[in-house]
Amino acid sequence: MVSNIRIVQRVADSQTLTIKRIAAETAALQAQGAQIVNLSQGVPSLPIFPKAREKMLALVETNQLPYCDVPGTAEARHVAASFVNKFYSCSNRKFEFEAANTLICAGAIQAIYNTLALLVEGPNDVVATTLPAYGLYRHQTEMLGGSFITMSTSAQQGFMPTAQHIQQLLQDTTQGGSGRVLRALVLCAPNNPAGTGLSEQQAIELAAALDTAAESVPEGQGFALVLDEVYLGICSHHASLLQYVGPRVLSSTFLVLSASKGLGAMPGARAAWVTCPTPTYIDHMAKVQLACSGNASTISQAGLV
């Protein structure tokens with residue numbers, strides 16, 4: 001069949017994630033009767049938490065599945081904010097998150113896309129992360145028209161960045177005179193795929209470096225800190241930067257959590273949230289989400305609470 005419509009170049013150039021391609025090939029082979037030990041994305045799936053199952057079934061049994069506000073149900077937003085406050089000991093830092101600081105999303109993929117969409121609109125907008133990294137960060141950045149760069153880290157450092165990495169990153173972008181500006185630093189910890197987390201000492205040193213970096217950039221050229229912590233609980237130690245960065249960095253920190261892994265074992269429910277100390281950013285992200293998917297499934301939100 002011949003078509004004469006134009007496909008946007010950045011879409012035509014984008015590649016399917018390798019892990020998704022493997023999952024599709026595995027499913028096709030299984031459909032043909034092949035016996036395969038499948039350890040690809042989300043497999044094997046863990047049993048749903050009993051209380052989450054009960055909540056979701058109870059909602060379905062009402063025979064009513066209405067829309068909700070794009071940012072999520074009031075109950076889900078409140079519960080998500082309360083979890084962050086308790087788990088991250090936010091009261092020790094003399095601030096606590098409220099429902100207005102939280103956006104319920106259709107999975108962590110949507111949460112990170114909402115965040116990057118606030119920050120990236122052209123090739124001079126840079127998103128950076130460490131290697132190894134989840135391939136979707138690059139995919140989303142390039143889909144938004146931005147530039148994606150990585151920092152080479154070491155196993156000795158748990159594949160986490162150091163103060164030197166941050167200094168070099170700024171020299172290569174915002175402070176380098178090239179016109180490129182670091183718009184977001186994405187840190188996946190516990191790391192996917194390495195499974196490593198930050199020690200307390202690493203977190204203290206990295207937070208100090210980020211605070212110094214934030215003070216050194218010109219007005220309007222600050223960067224967001226995106227903390228992808230959906231693998232919370234898989235390693236014995238993990239200190240979150242949310243607990244250590246200063247007020248300037250904290251105000252533009254976006255914490256992404258999900259019920260797909262240890263917090264819910266429901267990858268197919270696509271239930272996640274992003275929390276940020278600045279409610280205005282949440283309001284703007286809700287506009288992005290409205291254009292992409294609207295509200296997250298109300299069934300999934302019932303499972304969250």
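Which residues line the largest cavity? Keep that in mind as we look around this predicted model.

## The cavity

Let's start with the empty space inside. A search of the whole structure turns up 1 cavity of 30 Å³ or more, and the volume of the largest cavity is about 30 Å³. Its lining is made of Ile 166, Leu 169, Leu 170, Leu 182, Leu 185, Leu 210, Ala 213 and Phe 223. Sort those residues by class and you get 8 nonpolar, no polar and no charged ones.

Where do the lining residues come from? At least two residues each are supplied by α7 (163-172), β4 (181-188) and α8 (200-216). The biggest giver is α7, with 3 residues.

## A pocket with a mixed lining

Now for a space of the open kind. The second largest pocket has a volume of about 430 Å³. Its lining takes in 18 residues, and the ones nearest its centre are Gln 221, Gly 222, Phe 223, Ser 252 and Tyr 281. Two elements, α5 (107-119) and α9 (247-250), give two or more residues to this lining.

What classes of residue line the second largest pocket? Here you'll find 10 nonpolar, 5 polar and 3 charged residues. Phe 223 is worth a second look, since it shows up in the lining of the largest cavity and also among the residues nearest the centre of this pocket.

## Helix α8 and its two sides

Helix α8 has 17 residues and reaches 25 Å from its first C-alpha to its last, close to the 24 Å expected at 1.5 Å a residue. Which residues of α8 are buried? They are Gln 202, Ala 203, Leu 206, Ala 207, Ala 209, Leu 210, Ala 213 and Ala 214. These buried residues cover an arc of only 165 degrees around the axis, so they sit on the same side of α8.

Flip to the other side of α8 and you meet Thr 212 and Glu 215, which are exposed. As for what covers the buried residues, α7, β4, β5 (224-228) and α9 are included. Two of the buried residues, Leu 210 and Ala 213, also appear in the lining of the largest cavity.

## Two cis bonds in one loop

Most residues other than glycine have a negative phi, and most peptide bonds are trans. Keep both habits in mind for this part and the next.

Which residues does a cis peptide bond join, with omega about -5 degrees? That bond links Ala 189 and Pro 190, and Pro 190 is in the loop between β4 and α8. Another cis peptide bond joins Asn 192 and Pro 193, this time with omega about 20 degrees. Pro 193 is found in the loop between β4 and α8 too.

## Positive phi angles

Next up is Asn 63, which isn't a glycine but has a positive phi of about 60 degrees. You can find Asn 63 in the loop between α3 (50-60) and α4 (74-87). Is Asn 63 buried or exposed? Its relative accessible area is 68%, so Asn 63 is exposed.

Ser 89 also has a positive phi, near 50 degrees, and is a residue other than glycine. Its home is the loop between α4 and β1 (102-106). With 31% relative accessibility, Ser 89 counts as partly exposed.

## Helix α4, just before Ser 89

Ser 89, with its positive phi, follows α4, so let's step back to that helix. The 14 residues of α4 should span 20 Å at 1.5 Å a residue, and the end C-alpha atoms are 20 Å apart, which agrees.

The buried residues in α4 are Ala 76, Arg 77, Ala 80, Ala 81, Val 84 and Asn 85. What do they pack against? Their partners are β1, β6 (253-258), β7 (271-275), α10 (279-292) and α11 (298-304).

## A buried serine

Finally, have a look at Ser 147, in strand β3 (residues 147-152). Ser 147 has 17% relative accessibility, under the 20% cut-off, so it counts as buried. What is Ser 147 in contact with, leaving aside its neighbours within four places in sequence? The contacts are Gly 122, Pro 123, Asp 125, Val 126, Val 127, Thr 141 and Arg 180.

Conventions: Residues numbered from 1 in each chain as written. Predicted model: local features only at pLDDT ≥ 70, side-chain atom pairs only at ≥ 80, totals over all residues. Heavy atoms only, no water. 1 Å grid on protein atoms, 1.4 Å probe; cavity = no way out; pocket = protein on both sides within 12 Å on 5 of 7 lines; lining within 4 Å. Points joined across faces, edges and corners; volume = space filled by probe spheres on them. Helix = DSSP H or I, 4+ residues; strand = E, 2+ residues; numbered from the N terminus. Nonpolar A, V, L, I, M, F, W, Y, C, P; charged D, E, K, R; others polar. Expected span 1.5 Å × (residues − 1). Buried < 20%, exposed > 50% of the residue type's maximum accessible area, 1.4 Å probe, protein only. Arc of directions from axis to C-beta. Contact = heavy atoms within 4.5 Å.
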